[in-house]
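Let's take a walk through this protein, one piece at a time. Have the 3D view open and turn it as you read.

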Amino acid sequence: KLAEVYRYVLKYSEKEVVSLEKEVDFIESYAYLVNCRFDNNLTIKIELESNLGYHVAPLTLQLLTENAIKHNIISTHKPLVIDVFIENEKLI
């Protein structure tokens with residue numbers, strides 16, 4: 001998974017936008033690595049019915065995830081859940 005994350009960063013970090021589908025694939029690899037650190041007390045729920053046609057800046061979901069981790073408590077008693085979904089044609 002670490003190689004997948006590194007490969008994505010090298011390939012897409014200089015691009016202006018990437019497909020949301022590629023970004024979701026990346027964040028799933030990143031989430032696996034972060035869960036190794038937090039012993040599965042972090043859950044990233046991605047509920048996108050259809051993300052075809054959507055584009056975002058590269059590493060957007062990773063930066064938001066990293067920010068949520070930095071500014072919240074993550075423990076067995078207080079697991080962190082990050083929900084990613086589309087509402088009114090906006091990524092939430």
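## Strands first, then helices

Start with strands β2 (residues 42-47) and β4 (residues 80-87): six bridges join them, and the two run parallel. Keep in mind that you're looking at a predicted model. If you'd like one pair to find on screen, try glutamate 47, whose bridge partner in β4 is phenylalanine 85.

Now follow β4 onward to strand β5 (residues 90-91). Here the pairing is antiparallel, with two bridges joining β4 to β5. Isoleucine 86 is the residue that stands opposite leucine 91 in β5. Together β4 and β5 make a hairpin with two residues between them, and in that turn asparagine 88 has a positive phi of about 50°.

Back to β2 for a moment, as this strand holds isoleucine 46. Is that residue buried, exposed or something in between? Buried would need a relative accessibility under 20%, and exposed one over 50%. Isoleucine 46 has 24%, so it counts as partly exposed. Leaving aside residues up to four places away in sequence, isoleucine 46 touches Val24, Ile27, Glu28 and Val84. Of these, Val24, Ile27 and Glu28 fall within the range of α2 (20-38), while Val84 falls within that of β4. You can also look from isoleucine 46 to glutamate 21: they're 25 residues apart in sequence, and their C-alpha atoms are 11 Å apart in space.

Next, the helix α1 (2-12). Its residues Val5, Tyr8 and Tyr12 are buried. They sit on the same side of α1 because they cover an arc of only 65° around the axis. Swing round to the other side of α1 and you'll meet exposed residues: Leu2, Tyr6, Arg7, Leu10 and Lys11. And what do the buried residues of α1 pack against? Their neighbours are β1 (18-19) and α2.

That brings us to the open space. Rolling a probe the size of a water molecule over the atoms shows where empty space is left. The largest pocket here has a volume of about 150 Å³. Both α1 and α2 supply at least two residues each to its lining, and α1 gives the most, with six. Among the lining residues are Val5, Tyr8 and Tyr12, the buried residues of α1 that you've already met. Arg7 and Lys11 line the pocket as well, although they're on the exposed side of α1. Other lining residues include Lys22, Asp25, Phe26 and Ser29. By type, the lining divides into four nonpolar residues, one polar and five charged.

Technical notes: Residues numbered from 1 in each chain as written. Predicted model: local features only at pLDDT ≥ 70, side-chain atom pairs only at ≥ 80, totals over all residues. Heavy atoms only, no water. 1 Å grid on protein atoms, 1.4 Å probe; cavity = no way out; pocket = protein on both sides within 12 Å on 5 of 7 lines; lining within 4 Å. Points joined across faces, edges and corners; volume = space filled by probe spheres on them. Helix = DSSP H or I, 4+ residues; strand = E, 2+ residues; numbered from the N terminus. Nonpolar A, V, L, I, M, F, W, Y, C, P; charged D, E, K, R; others polar. Buried < 20%, exposed > 50% of the residue type's maximum accessible area, 1.4 Å probe, protein only. Arc of directions from axis to C-beta. Contact = heavy atoms within 4.5 Å. Pairing = 2+ DSSP bridges.
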